[in-house]
Amino acid sequence: MGSASQPMLVVKANRALLRKRPSFKDIRGAYEGYINETQLKFKELTPFEQKKIRDKIIEKAKRDRIKEIQVYLLSFFIVCLVVIGVYFLFTS
């Protein structure tokens, strides 16, 4: 009989947890005013630092583009080899 009362205990515990949850009104009231007061602060960069960062981004984009082209070429050759292999497999 001990296992028969287990579901009722779980339901009671869940109800107790639901009562402790704050309402939407309380949550909204707590956050009221935070949205308008938030100010973002950005670090001021000199033109030289901006150019340095820009050059890094451009260099990384070039490396990524070259790597992507290499992956495409490798995939193309693998597909070609598979197609040629299947062709010779079925023609012989």
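What pLDDT does the chain average, and how many of the residues score at least 70?

1. **Confidence.** This is a predicted model. The chain averages a pLDDT of 86. At least 70 is the score of 89% of the residues. Confidence varies between the elements. Helix 4 has the highest mean pLDDT, at 96. Helix 3, residues 34-37, has the lowest, at 59. Read helix 3 with that value in mind.

2. **Overall build.** The chain has four helices. It has zero strands. Along the sequence the pattern reads α-α-α-α. Helix 4 covers residues 47-91. Several of the points below concern this helix.

3. **Burial.** How many of the 92 residues count as buried? The figure is 0%. Buried means under 20% relative accessible area, so 0% of the chain falls below that cut-off. The chain exposes about 9,700 Å². Carbon and sulfur atoms supply 66% of that area.

4. **Salt bridges.** A search of the whole structure finds two. One joins Lys51 and Asp55, with the closest N and O atoms 3.5 Å apart. The other joins Lys60 and Asp64, where the closest N and O atoms are 3.2 Å apart. The cut-off is 4 Å, so both pairs qualify.

5. **Where the bridges sit.** Lys51 and Asp55 both lie in helix 4. They are four residues apart, about one turn of the helix. Lys60 and Asp64 also both lie in helix 4. Their spacing is again four residues, about one turn.

6. **Exposure of the charged residues.** Are Lys51 and Asp55 buried or partly exposed? Lys51 is partly exposed, with a relative accessible area of 48%. Asp55 is partly exposed too, at 36%. In the second bridge, Lys60 has 46% and counts as partly exposed. Asp64 has 39% and is also partly exposed. Partly exposed runs between 20% and 50%, which is why these four values share the label.

7. **An aromatic pair.** The search of the whole structure finds two aromatic pairs. One of them is Tyr87 with Phe88. The centres of the rings are 5.5 Å apart. The planes meet at 65°. Over 60 degrees counts as edge-to-face, so this pair is edge-to-face.

8. **Exposure of that pair.** Tyr87 is exposed, at 54% relative accessibility. Phe88 is exposed as well, with a relative accessible area of 52%. Exposed means over 50%, so both residues pass the cut-off.

9. **A nonpolar patch.** Which residues form a nonpolar patch on the surface? They are Leu74, Ile78, Val82, Val86, Leu89 and Phe90. Together they have about 640 Å² of accessible area. Phe90 is found in helix 4. At 68% relative accessibility, Phe90 counts as exposed.

10. **What to look at.** Start with helix 4, which has the highest mean pLDDT. Find Lys51 with Asp55 there, then Lys60 with Asp64. Move on to the edge-to-face pair of Tyr87 and Phe88. Finish with the nonpolar patch, which includes Phe90.

Technical notes. Residues numbered from 1 in each chain as written. Predicted model: local features only at pLDDT ≥ 70, side-chain atom pairs only at ≥ 80, totals over all residues. Heavy atoms only, no water. Phe/Tyr/Trp six-rings, centres within 6.5 Å; stacked < 30°, edge-to-face > 60°. Buried < 20%, exposed > 50% of the residue type's maximum accessible area, 1.4 Å probe, protein only. Salt bridge = Lys/Arg side-chain N within 4 Å of Asp/Glu carboxyl O. Helix = DSSP H or I, 4+ residues; strand = E, 2+ residues; numbered from the N terminus. Patch = residues over 30% accessible without salt bridge, like charges linked within 9 Å, V, L, I, M, F, W, Y side chains within 5 Å. Areas by Shrake-Rupley, 256 points an atom, 1.4 Å probe, with all protein chains shown as cover. pLDDT = per-residue confidence, 0-100.
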